[in-house]
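Student: Could we go through the pockets and the core of this protein?
Tutor: Certainly; here is the structure.
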Amino acid sequence: MERLFFDGGMGTILHGRGLADDPVQLNVTHSRVITEIHRQYLDAGAQVLTANTFGAYTHKHANAADLVEAAIKNARAAGTAKVALDMGPLGVMLEPYGDMTPDEAQGLFAQTAQAGAKHGADMILIETFYCMIELEAAVTAAKATGLPVFATMTFDKRGRTTMGTPLSKMAEALEAWGVDVLGMNCGLGPDTYLELLPQLCGATRLPILVQPNAGLPEMVDGKTVYNVSPADFAGVMARIAQCGATHLGGCCGTTPAHIAAMIGACAAI
């Protein structure tokens, strides 16, 4: 299968520029900055630009639909590329662990997914999930749009989410729910996801997306730093491609330099 290259981190770049208080609102207040970052990823070779919509839900932002529209426009303004609507967790616990019902969660996801479809997203990327109940609500809402659905969860070194879900269980569920691509993102650096990838390859026949962090964050002089260089990131991502992942990108701490190096390394295999 032909490889598809995604972009890298958005929030960590904004944080580095002192713009992390409410990243979703920046689609309106700092649209040129958002488009500039998208354009840098496009110039790096990314084929999919991830709209700055992580957390764009009405229980947090009354104007969530407007923010989704602005985010997709900002990505489109960067140039010709596929645009993915980004849907992260709601930031609340669902029953039986919290007060929100799965139906209420699905309703929130549906509002954002439908706004993304209305305003021209090419696909929906559901990412950084750890709860299967919430993931099912998000996938159900996304599938209702008719757009391709990509879904990833965050795992620890054992290959389990913070709620104990193993890679194989995720793959089994996501296949049953009808996603188009599944995989792993955030949480860990590329080395650990390379170690976990055989588990996932053995559990699914669907295309696999891997978007690691640029290592684990560290505090240096009061700033959050990710210590995996573009060259080191690219070397491991090329091995991840060789081992079966067809969709590749980055998460926290990755930059256009990481994505450009990754694409260059994968071109040689």
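Tutor: The pockets come next, followed by the nonpolar cores. This is a predicted model, in which local features need pLDDT of at least 70, side-chain atom pairs count only at pLDDT 80 or more, and totals for chains, interfaces and linings use all residues. Residues are numbered from 1 along each chain as its sequence is written, and side-chain values use heavy atoms, with hydrogens and water left out.
Student: How much space lies in the largest pocket?
Tutor: About 470 Å³. A pocket is an open set of points on a 1 Å grid over the protein atoms alone, where a 1.4 Å probe fits, with protein on both sides within 12 Å along at least five of seven lines. The volume is the space filled by probe spheres set on the points.
Student: Which residues lie nearest its centre?
Tutor: M10, G11, F54, D86 and E127, out of 26 lining residues, meaning those with an atom within 4 Å of a point.
Student: And which helix gives the most to that lining?
Tutor: α1, with four residues; helices are DSSP runs (H or I, at least four residues).
Student: Changing topic, which residues have the most contacts inside the largest nonpolar core?
Tutor: M87, F109 and I126, in a core of 82 residues. Such a core joins buried (under 20% relative accessible area, 1.4 Å probe, protein chains only) Ala, Val, Leu, Ile, Met, Phe, Trp, Tyr and Cys residues through side-chain atoms within 4.5 Å.
Student: Which helix gives the most there?
Tutor: Helix α6, residues 132-143, with seven residues.
Student: Is there another core? What does it include?
Tutor: A second, separate core of nine residues includes L4, F6, V48 and M123.

Technical notes
Helices (H or I, at least four residues) and strands (E, at least two) are DSSP runs, numbered from the N terminus. Buried means under 20% relative accessible area, exposed over 50%, partly exposed in between (1.4 Å probe, protein chains only).
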